[in-house]
Amino acid sequence: MRRPRENDAMNRRTTRQNRRRAAGRGGFTLIELLLVLVILSVLAAVVVPKFARRSEQARITAARTGIASLQTALDMFEIDNGRYPTTEEGLAALVEEPVDAVSWGGPYISRTVPLDPWGREYMYKYPGDYNTDGYDLHSRGPDGQDGGGDDVDNWSER
């Protein structure tokens, strides 16, 4: 039969060995962590552009909706005053009464003239270059430049 002191020594030795084994199994290796990072990077490279395109498409749709709202307000201005605002009066004539307005019934839009989805002003010109009987109204689109194929306007068939 063993003595109690031998049992204590053996238990301590076993406990130390178990701790060492547990410490070796508790974490991830550097290679495992790098592999997970590579997998996440590949997934992000595939998924992020798809969401970015959806976001840009949503902004283009919002710009079309904004132009449609402004067109409605401009048409109401024209019904009340017999004309559209001049280029100089601009879209501000929908919020504040112009000096020579005949029968201004506004404001035709609430608060202030809205910005396009990219945070820039809508461009207004009366008489228009493209709509010679009316006005041209457009957003310069994502790049902020006239032309380039990304403008949203009231004269194109899109």
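This passage walks through the sheet, the main pocket, two backbone oddities and a nonpolar surface patch. Everything here comes from a predicted model.

Starting with the sheet, 3 strands make up an open arrangement, running in the order 1-2-3 with antiparallel pairing. Strand 1 (123-125) and strand 3 (152-153) sit at the edges, each pairing on one side only. As for how such contacts work, strands of a sheet pair through backbone hydrogen bonds, and this can be done in a parallel or an antiparallel way. Between strand 2 (residues 136-139) and strand 3, the antiparallel pairing runs over 2 bridges. Looking at individual residues, Ser 139 has Val 152 of strand 3 as its bridge partner.

Next comes the pocket. The largest pocket comes out at a volume of about 190 Å³. Its lining draws two or more residues from each of strand 1 and strand 2. Strand 1 supplies the largest share of that lining, with 3 residues. Met 123, Tyr 124 and Lys 125 are among the lining residues, and so are Asp 136 and His 138. Also on the list are Asp 129, Tyr 130, Asp 146, Gly 147, Asp 151, Asp 153 and Trp 155. Sorted by class, the lining of the largest pocket breaks down into 6 charged, 4 nonpolar and 2 polar residues. Lys 125 and Asp 136 both appear in the lining, and both count as charged.

Two spots in the backbone geometry are worth a look. One is the peptide bond joining Tyr 126 and Pro 127, which is cis, with omega at about -5 degrees. Pro 127 is found in the loop between strand 1 and strand 2, and those are the two strands that each give two or more residues to the lining of the largest pocket. The other spot is Arg 111, where phi is positive at about 60 degrees even though the residue is not a glycine. Arg 111 belongs to a loop as well, in this case the one between helix 2 and strand 1.

Finally, there is a nonpolar patch on the surface, made up of Leu 30, Leu 34, Leu 35, Val 36, Leu 37, Ile 39, Leu 40 and Leu 43. Together, these residues offer about 790 Å² of accessible area. One of them, Leu 43, lies in helix 2, which covers residues 30-81.

Terms used:
Residues numbered from 1 in each chain as written. Predicted model: local features only at pLDDT ≥ 70, side-chain atom pairs only at ≥ 80, totals over all residues. Heavy atoms only, no water. Patch = residues over 30% accessible without salt bridge, like charges linked within 9 Å, V, L, I, M, F, W, Y side chains within 5 Å. Areas by Shrake-Rupley, 256 points an atom, 1.4 Å probe, with all protein chains shown as cover. Salt bridge = Lys/Arg side-chain N within 4 Å of Asp/Glu carboxyl O. Helix = DSSP H or I, 4+ residues; strand = E, 2+ residues; numbered from the N terminus. Pairing = 2+ DSSP bridges. 1 Å grid on protein atoms, 1.4 Å probe; cavity = no way out; pocket = protein on both sides within 12 Å on 5 of 7 lines; lining within 4 Å. Points joined across faces, edges and corners; volume = space filled by probe spheres on them.
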